[in-house]
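Below is a chain whose fold and selected residues are to be described for a reader who works with computed models. Please keep the sequence and the structure in view while reading.

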Amino acid sequence: MRLQPEQNPRRHAVPLTAPSSPWMMETSNPPLSAQPRGSKTGNHTQALKDAASVRLSQQRRPRTSTEKVRTGCITCKRRHIKCDEAKPQCSNCLRSRRHCEGYAGGENKKTKPPGPMQIVWNSTQIVPAAGRTVPLYIQPKSPHFHGDADMRYFGEFIAMIQAPWATAAPNGDLWTSAMPQLAHDTPTLRHAAMAIGALSKWISETKSGLLRAVTAPSTPSTEADTHYFHAVAYYCRALKLQNQQACLQDAVFLSVLLLFFEVLRGNRKTALDHINHGLALLLILTTDNDAPNHVAKFAPNPIPVISSVADVFTYLAPQARLILRGKLGQSPPALPNFLKGLRKQKQTVESFMVLLSQISQSSSILDRIPILFTSLDEFEQLWIAFQREQMAMGLIMQELLNESKALRSAAEDFSDIFHLKIIGNSRMRDFCEGSREVLELFDRAFLPLFNKIMMSDPESPAYLRAIHLRLQHLGTYIFSNPPMFLDMELLQSQTPLFREYLSLAEVLLRTAKRQSKNPAHQLSLQCVLAMHLLSVALHCRDPLVREQAVWMLRDYPGQDGLFNTHAIYAIAVKNRTVESKNASEGTPEEQLRRLWRREYIFENGGDLVVFRYMDKDDVEKTWHLVEEVADAQSDIESMNWKRREPSACVVPLIFDLYST
């Protein structure tokens with residue numbers, strides 16, 4: 001089904017949180033301090049550009065000046081419009097979906113890459129994207145490996161990151177090109193890769209159909225368990241090697257690999273540590289006084305590599321905000337070193353995410369979408385650029401929340417004011433209108449190619465990848481649209497799109513199960529499918545469609561980022577009773593306003609799920625906010641939801657999360 005222009009899709013904000021670094025605790029002498037040295041804010045993007053110019057020859061874009069506009073950002077000057085001079089990015093640029101080039105002073109001159117970029121580690125040139133996978137020949141007696149086990153585990157690592165599910169998700173070039181070459185040639189990263197391979201081998205031999213059902217052993221009770229303990233040994237060796245020879249490049253990539261390892265074995269608290277460490281390192285890389293030198297040494301072709309690594313962390317940072325180390329209201333920050341560095345740089349999580357998204361700059365997406373896409377590579381390169389542009393939504397949300405501090409004193413009508421004045425704000429609507437225009441152009445240009453691939457071989461990698469990309473596009477169109485959730489009639493009109501999304505997702509999951517029997521091969525750090533299924537289960541107004549989403553979550557085979565998919569399924573099941581009771585009273589508009597109060601967060605590293613919703617007191621005959629918590633590790637049938645006093649009975653969780 002084609003997207004209908006009149007259906008008015010807009011962007012839905014997801015709360016974020018703050019992290020902490022276990023990496024720092026795991027090594028007595030960390031490879032690189034996560035405390036950034038002081039630097040002037042506003043020069044971050046230029047530091048990256050100056051460094052890139054050391055390795056890359058790029059043409060300067062001529063700057064068009066004007067005598068009439070003497071203040072404001074460079075972008076507004078070039079457009080001959082008045083700038084509001086907001087920092088770090090002006091509001092005009094955010095509203096019009098343009099990159100804000102900063103303010104005059106010589107340090108913000110813009111460079112333009114010659115075209116779409118692909119990671120090519122051993123090249124100093126930016127070349128057009130070619131294949132998705134890079135063959136890596138390993139000699140039988142390679143000096144890099146000390147035995148057959150090393151080679152088998154490294155081979156399993158390559159098979160895992162180049163599996164159809166992993167390469168179909170966005171940012172596949174990081175895993176299929178740069179990471180295999182780096183891991184093969186660098187001892188620290190090679191041991192981390194072998195740790196992942198050994199862990200994947202253990203998971204495959206447990207004969208478990210679901211990744212979330214695998215439990216780490218405390219002692220090697222079976223032959224398969226030896227793979228797990230080999231994995232831990234390789235993991236520790238990687239940390240020791242990094243501690244012995246500190247290298248910023250290795251530290252950044254190692255944070256990604258060890259994050260992957262911890263997510264694979266379900267240790268979310270330690271995964272938060274690696275997110276904390278990785279983000280702190282990226283903060284050094286982009287804002288340190290010596291940032292140009294750091295970047296120049298990072299890779300032969302640094303900008304696309306850094307951008308791809310940054311994409312991993314910008315996707316996981318919002319998830320980290322929803323996963324608490326302890327109890328709600330009492331938990332320490334999830335990302336302490338990163339937040340400390342942000343405060344020193346006078347940055348926020350949102351402003352830094354926007355900075356990372358702008359490392360790899362390009363011309364306007366609207367100007368680059370062709371009439372018809374001719375390949376999946378062509379579509380994905382522009383799609384990733386569009387997703388990076390969407391990071392500006394978080395900054396808008398934060399600014400609106402900060403402007404609404406007076407609302408903290410409001411009482412029972414806070415939720416209405418919050419949704420109507422923040423989610424329904426004109427700035428939010430303008431941004432979403434811009435997203436809709438781009439998404440509809442993507443739809444028209446991509447649909448013919450998608451339909452052609454759907455009529456080809458279902459076993460081909462392109463088949464699974466095309467569905468992944470289509471789901472990303474459709475999901476953004478449906479779910480990334482906050483104002484849509486304010487209107488019951490508009491929300492009900494989206495039912496056909498909800499159905500289409502589930503239909504495509506079902507084909508994707510069925511194909512993924514058929515192509516891989518190892519659940520470890522269905523881990524992705526950047527897939528959003530499980531969360532979108534939960535969004536259908538919570539927000540679609542057709543109960544049959546909601547129920548289909550619940551059942552798909554029950555059998556979800558993979559792992560998407562940090563979230564415990566079993567906990568996501570638990571929320572969807574609990575929502576059944578919430579929807580049933582809510583529908584028993586009031587007009588559709590009143591029912592929708594009660595549903596606005598539903599929120600969830602995860603405690604104890606994701607092992608406990610907290611769900612808030614409006615419930616009716618049968619004695620007092622009034623509706624009030626309640627908070628319930630359940631053990632996400634228990635079976636759904638035996639799950640016991642315990643009610644407790646809400647830690648904040650009026651202010652939505654999203655307010656506190658964005659205020660960190």
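The report goes from the whole chain to helices, and then to single residues.

This is a predicted model, in which local features need pLDDT of at least 70 and side-chain atom pairs count only at pLDDT 80 or more, while totals for chains, interfaces and linings use all residues. Residues are numbered from 1 along each chain as its sequence is written, and side-chain values use heavy atoms, with hydrogens and water left out.

**Whole chain**

The chain contains 27 helices and 6 strands; helices (H or I, at least four residues) and strands (E, at least two) are DSSP runs, numbered from the N terminus. Of its 660 residues, 62% count as buried. Buried means under 20% relative accessible area, exposed means over 50%, and partly exposed lies in between, with a 1.4 Å probe and protein chains only. Among contacts (heavy atoms within 4.5 Å) between residues at least 6 apart in sequence, 75% join residues at least 24 apart.

The number of disulfides is 0, where a disulfide is a pair of cysteine sulfur atoms within 2.5 Å. Two cysteines can be placed by accessibility: C83 counts as buried at 8%, and C236 counts as partly exposed at 44%.

**Helices α22 and α23**

Two packed helices are described by the angle between their axes and the distance between the axes. For helix α22 (residues 495-515) and helix α23 (residues 529-539), the axes come within 11 Å and cross at roughly 145 degrees. Axes here are lines fitted to C-alpha atoms, for helices over the stretch in contact, and angles run from 0 to 180 degrees between N-to-C directions. The crossing of α22 and α23 is left-handed, that is, the near helix is turned anticlockwise from the far one by less than a right angle.

On the α22 side, the contact is made by F498, Y501, L502, A505, L508 and L509, and on the α23 side by L529, H532, L533 and V536. By class, the contact of α22 with α23 has 9 nonpolar residues, 1 polar residue and no charged residues. In this scheme Ala, Val, Leu, Ile, Met, Phe, Trp, Tyr, Cys and Pro are nonpolar, Asp, Glu, Lys and Arg are charged, and the others, Gly among them, are polar.

Helix α23 is mostly covered, with 11 of its 11 residues buried. The buried residues of α23 include M531, L534 and L538, as well as H532 and H539.

**Helix α15 and the loop before it**

Helix α15 (residues 349-357) is also mostly covered: 9 of its 9 residues are buried. Among them are E350, S351 and F352.

The loop between α14 (336-344) and α15 holds K346, and Q347 has its place there as well. Q347 is buried, since its relative accessible area is 11%. The side chains of Q347 and S351 are joined by a polar contact of 2.4 Å. A polar contact is a pair of N or O atoms within 3.5 Å; within protein, one must be able to donate a hydrogen and the other to accept it, and residues adjacent in sequence count only if both atoms are side-chain atoms.

Most residues other than glycine have a negative phi, and most peptide bonds are trans. K346 has a positive phi, near 55 degrees, and K621 has a positive phi of about 60 degrees. K621 lies in the loop between β4 (608-617) and β5 (622-631).

**Accessibility of selected residues**

| Residue | Relative accessible area | Class |
|---|---|---|
| K346 | 73% | exposed |
| K621 | 56% | exposed |
| Q245 | 62% | exposed |
| V232 | 25% | partly exposed |
| S255 | 0% | buried |

**Helices α9 and α10**

V232 is in helix α9 (residues 225-244). Between V232 and A192, 40 residues apart in sequence, the C-alpha to C-alpha distance is 9.5 Å. Q245 sits in the loop between α9 and α10. The C-alpha atoms of Q245 and T188 are 9.2 Å apart, with a separation of 57 residues along the chain.

S255 belongs to helix α10 (residues 248-264). What does the side chain of S255 reach? The partner is the backbone oxygen of V252, at 2.5 Å. S255 counts as buried because its relative accessible area is 0%.
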